[in-house]
Amino acid sequence: MMSMGQNTIVLKWSLLAGALYFFAVACVHLVGFKVPVLYIYFDVPSSVYQDRIISFLAFGWAACFFTAYSEPEKYRSLVRAILFAGAYAIVMLCIINGSADVNAAISVSSADVFRVETAGLFFYWLWLLVFFFRSRASRDS
């Protein structure tokens, strides 16, 4: 069996971090505990059913990340799907952050926090993207 390269190891542990993050997001949304970073729009009113929908969707993300973490070389297509869906999610968060509806419901300081949280997710996504391609390049060489 081929040993994993350093880039693949970084990718693997980064995917586990994502699995843990999205599991935590699922948990706080399930109980309605509005914590910044785990609850991106913590300052926006929401209904219990909305939080539960976000909870099961975040749990699905956690399951995908955990599966990809288990064998990133075997599940490269799943990592690719995570990256594709993540890019879409970040674009949608940017659109939401700029929407009049959200900005009318929150304070200016909260809007800044939302943008920082979205930027954090973007940099995490970029980190995954870089190590996805680096792990592939090191495998092919």
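Reader: To start with a single side chain, is Asp112 buried, partly exposed or exposed?
Author: Happy to help, and please keep in mind that this is a predicted model, in which local features need pLDDT of at least 70, side-chain atom pairs count only at pLDDT 80 or more, and totals for chains, interfaces and linings use all residues. Residues are numbered from 1 along each chain as its sequence is written, and side-chain values use heavy atoms, without hydrogens or water. Buried means under 20% relative accessible area, exposed over 50%, and partly exposed in between (1.4 Å probe, protein chains only). Asp112 has a relative accessible area of 42%, so this residue is partly exposed.

Reader: Which residue meets the side chain of Asp112 in a salt bridge?
Author: A salt bridge here is a side-chain nitrogen of Lys or Arg within 4 Å of a carboxyl oxygen of Asp or Glu. The N to O distance is 3.4 Å, and the count for the model is one salt bridge. The partner, at 41% relative accessibility, is partly exposed. The residue that meets Asp112 is Arg115.

Reader: In which helix do Arg115 and Asp112 lie?
Author: Helices (H or I, at least four residues) and strands (E, at least two) are DSSP runs, numbered from the N terminus. Arg115 and Asp112 are three residues apart, about one turn of the helix. Both lie within residues 108–140, which is helix α5.

Reader: How many helices does the protein chain have?
Author: The elements run α-α-α-α-α from the N terminus on. With zero strands, the secondary structure of the protein chain comes to five helices.

Reader: Are α1 and α2 roughly parallel or roughly antiparallel?
Author: The axes (lines fitted to C-alpha atoms over the stretch in contact, with angles from 0 to 180 degrees between N-to-C directions) of α1 (residues 6–31) and α2 (residues 48–70) come within 7 Å and cross at roughly 160 degrees. Angles under 35 degrees count as roughly parallel, over 145 as roughly antiparallel, 65 to 115 as roughly perpendicular and the rest as oblique. That makes this pair roughly antiparallel.

Reader: Which helix supplies the largest share of the largest nonpolar core?
Author: A nonpolar core is a set of buried Ala, Val, Leu, Ile, Met, Phe, Trp, Tyr and Cys residues joined through side-chain atoms within 4.5 Å. The largest one has 17 residues, and those with the most contacts inside it include Leu11, Phe65, Val79 and Leu128. At least two residues each come from α1, α2, α3 (76–97) and α5. The largest share, five residues, comes from α1.
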